[in-house]
Amino acid sequence: MAEATCSAPGKVIFTGEHFVVYGAKAIAGAINLRAYATATTRNDGVISISSEDMGIHAEWRGAELLRESKRGASERLRPIREAVAGLIDKVKGSGLSISINSQIPRASGLGSSAAVSVACVAAGLYAYGYKPSHSEIIDLASIAEGIIHYRASGVDLAVSTYGGVISYRRGSKPAMIDIKKPMSLLLIDVGTPRRTGEMVRRVNLLREQYISIFEKLREAVEEITAECELALVNNRYERLGEILTINHNLLRAIGVSTKELDEALELAMRNGAIGGKLTGGGGGGCLIAVVNEEDIDIVYKKLSRAYNVYKVAIPQEGVRCDSLRTE
Ligand code: MEV
């Protein structure tokens, strides 16, 4: 038996979520919260998947479910199973046991499902002695993301795989943005988790009704993304904060913000943040707050009285193999 442990980072989207689904450029950065997966080869044709943080486990032989730890567990783990079945096909392997352990809060807009898919696929490939390219990992992980998210653009998988800070347009290879100085951001978790797929579906309904308005908003997002890239490259936090706030208000316009997210942004700004925005699918989850470096600890302390707040460091390494034991 061979065993590999791989990990992949969660992400924040600085600009362009939702509009990236329809061709706009987005900017995303890898954060220092990671999903870990340990894959062990087996020769009995069984795929066994357990998630420590979700507390569930299921096993299949082919498409046949052999056991699940509780009702519904196999359905929740099915996207990963499908991706793992794809990788076993690719390497002409037999079975795999995969154990998942993720530090990334789920349904918070931080790319937890993409990071888990990337880590699982990479671990499975490495365990079978295959050294995958980034695009091979993304191709297999998209099998899982395609089941989890409606119309996924691929931005979450791209940033989790490549790491760093990337600009991304659907269908193209991501471009790395050179951040000269690492930066810290505050992420405020407002709770009320929603499924990204559900939010993407809602936006699509709105878009179908107001196609030309949506197109104008998409053009505005292109400008916002261009400004954001300049602010990031030049370490201009004031400008970054303002640009993100503009993007937040545009996301409000398409109905993906909530009272809780808007209130969190207001409170963050009253307590010293320069600006911020929701990140990811919206409908709940996390809000990014941009804060000057010298104020970050005090703002963190103040906001922590009302919310669960994460201080995250950007950029981070993408997918990596943390350990490998061959047969
Ligand atoms: C989710 O992190 C980002 C969305 O734009 C969906 C996607 O791009 O796949 C909402």
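## Helix packing and domains

Helix 7 and helix 8 cross with a left-handed sense, meaning that the near helix is turned anticlockwise from the far one by less than a right angle. The contact (heavy atoms within 4.5 Å) involves Thr-245, His-248 and Arg-252 of helix 7 plus Leu-261, Asp-262, Leu-265 and Met-269 of helix 8. Sorted by class, that makes 3 nonpolar, 2 polar and 2 charged residues; here Ala, Val, Leu, Ile, Met, Phe, Trp, Tyr, Cys and Pro count as nonpolar, Asp, Glu, Lys and Arg as charged, and the others, Gly among them, as polar.

A quick word on the source: this is a predicted model, where local features need pLDDT of at least 70, side-chain atom pairs count only at pLDDT 80 or more, and totals for chains, interfaces and linings use all residues. Residues are numbered from 1 along each chain as its sequence is written, and side-chain values use heavy atoms, without hydrogens and water.

Now for helix 4, a DSSP run like the other helices (H or I, at least four residues) and the strands (E, at least two), numbered from the N terminus. In helix 4, 8 of 8 residues are buried, i.e. under 20% relative accessible area with a 1.4 Å probe, protein chains only. Among them are Asp-156 and Tyr-162. The elements covering these buried residues include the following:

| Element | Residues |
|---|---|
| strand 1 | 3–15 |
| strand 2 | 26–42 |
| helix 2 | 112–127 |
| helix 3 | 134–148 |

Right after helix 4 comes Gly-163, with a positive phi near 70°.

Zooming out, the domain assignment (automatic or from a database) gives domain 1 (2–176) and domain 2 (183–314). Their C-alpha centres are 25 Å apart, and 31 residues of domain 1 are in contact with 45 residues of domain 2.

Terms used:
Buried < 20%, exposed > 50% of the residue type's maximum accessible area, 1.4 Å probe, protein only.
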